[in-house]
Amino acid sequence: MRKFIINILCVLFIGVTGLCVLTWIDVSKLQRIDFKLKKETHIIAIGPSTTYQALDEEIIPGFENISRDGTDLMSIVPMLPRLLDENPQIDTLWISHGRFQFHPKSGGKGGANNQMQSYKYKLPFIFFDCKETIWRDYIKRIDLYAAILNPYIMDVITNRPKNLKDYGFGHGKSTKCDLFDSNKVWSVAWYDSLCVKHGGNVYTKEEILSDSYYNDYYTKRAIEICQERNVVPILFFTPLYDFDRWCTYDGFCDYMANEYSPDWLIADYENFVFENDSICRRDVHHLNSKGAEALSAEIASVGLKTISVSEWILSKKLK
């Protein structure tokens with residue numbers, strides 16, 4: 001029995017040591033990569049898969065997409081100061097936003113906080129004895145992509161990564177059209193199940209307040225970083241499919257009114273109308289390449305349409 005316990009401890013030690021080594025290598029590589037963007041780039045967007053899929057940098061002039069599939073603002077915002085400092089030509093930042101980002105995760109209140117809490121257990125063993133305030137503050141302050149949370153083995157074992165695109169930042173050309181494929185309606189079914197759990201349309205102000213820290217802190221932190229550098233931050237709402245079916249505006253408007261400055265800017269494309277909606281979406285809150293082309297072409301043609309938070313709230317409450 002004693003030998004068995006020793007063997008288990010040895011395996012755990014090897015595994016934890018390996019994770020720490022992989023993390024250190026991945027973090028070190030990211031610190032050395034080139035954050036320089038094209039000289040003509042003066043607009044960037046940051047966000048998860050929604051902006052990653054929705055905005056085609058090849059169509060919008062002077063624009064680069066610094067979004068990454070499977071990555072959230074918590075992982076991108078820590079590297080934003082370096083990105084802006086090394087590219088002083090950037091004057092505008094589009095920040096992924098919208099009702100879907102505050103949707104309770106897994107159908108439960110406080111889901112986002114629970115997701116934030118789960119990151120503690122992804123950290124290398126050396127951080128396990130830190131108090132929550134310490135590791136949370138540490139994660140906030142690191143000025144690099146949070147490879148420390150999820151080291152990617154291919155980045156670790158190869159010398160390939162040299163710039164942000166090598167790390168998967170940029171527009172992803174997904175051709176999938178899952179939402180309107182009868183065999184792949186998982187996203188609609190998932191939102192319907194949330195409605196059932198919440199007893200109807202979700203999103204009261206209280207639900208959002210209980211679930212907002214994870215996304216909201218990093219949204220506000222990104223805006224703060226922009227303001228320190230005279231960069232204009234814009235909350236960019238990507239297109240959603242029939243989202244009023246699952247989520248009313250009432251609680252969301254109340255939340256925005258209480259938590260956001262009235263003069264911050266919003267570019268609201270949640271209800272963007274596509275000429276042929278059925279071929280432009282991947283699921284409820286993602287576009288495919290055809291959708292990205294249509295949305296990006298519209299922005300390139302007429303420019304980004306923005307409105308202040310106060311005007312946006314008023315427009316929703318008048319409906």
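**Exercise 1.** Where in the chain is D242 found, in terms of the elements on either side?

*Solution.* In this predicted model, D242 is found in the loop between β4 and α11, the latter covering residues 250-259. As a next step, consider its backbone: D242 has a positive phi of about 50°, although this residue is not a glycine. Finally, D242 has a relative accessible area of 40%, and because buried means under 20% and exposed over 50%, D242 is classed as partly exposed.

**Exercise 2.** Describe N230 by its place, its backbone angle and its accessibility.

*Solution.* Begin with the place: N230 lies in the loop between α10 (213-228) and β4. Turn then to the backbone, where N230 shows a positive phi of about 60° without being a glycine. The last step is accessibility, and here N230 reaches 71%, which is over the 50% cut-off, so N230 counts as exposed.

**Exercise 3.** Work out which residues of helix α12 are buried and how they are arranged around the helix axis.

*Solution.* First take the helix itself: α12 has 14 residues and reaches 20 Å from its first C-alpha to its last, which is close to the 20 Å expected at 1.5 Å a residue. The buried residues in α12 are S289, G291, A292, L295, S296 and I299. Viewed down the axis of α12, these buried residues fall within an arc of 155°, so they line one face of the helix. The general background is that an α-helix has 3.6 residues a turn, so residues three or four places apart point the same way. As for what lies against them, the buried residues of α12 pack against α2 (49-54), β3 (92-97), β4 (232-237) and β7 (286-287).

**Exercise 4.** State whether S296 is buried or exposed, and list what S296 touches beyond four places away in sequence.

*Solution.* S296 is found in helix α12, which spans residues 289-302. Its relative accessible area is 0%, so S296 is buried. Leaving aside residues up to four places away in sequence, S296 touches A54, L55, D56, I59 and I60.

**Exercise 5.** Identify the residues that make a nonpolar surface patch of about 490 Å², and place I8 within the structure.

*Solution.* The patch is made by F4, I5, I8, L9 and L12. One of these residues, I8, belongs to helix α1 (residues 2-32), and I8 is partly exposed, with a relative accessible area of 39%. For the protein as a whole, the exposed area is about 15,400 Å², and carbon and sulfur atoms supply 56% of that area.

Terms used
Residues numbered from 1 in each chain as written. Predicted model: local features only at pLDDT ≥ 70, side-chain atom pairs only at ≥ 80, totals over all residues. Heavy atoms only, no water. Helix = DSSP H or I, 4+ residues; strand = E, 2+ residues; numbered from the N terminus. Buried < 20%, exposed > 50% of the residue type's maximum accessible area, 1.4 Å probe, protein only. Contact = heavy atoms within 4.5 Å. Areas by Shrake-Rupley, 256 points an atom, 1.4 Å probe, with all protein chains shown as cover. Patch = residues over 30% accessible without salt bridge, like charges linked within 9 Å, V, L, I, M, F, W, Y side chains within 5 Å. Salt bridge = Lys/Arg side-chain N within 4 Å of Asp/Glu carboxyl O. Expected span 1.5 Å × (residues − 1). Arc of directions from axis to C-beta.
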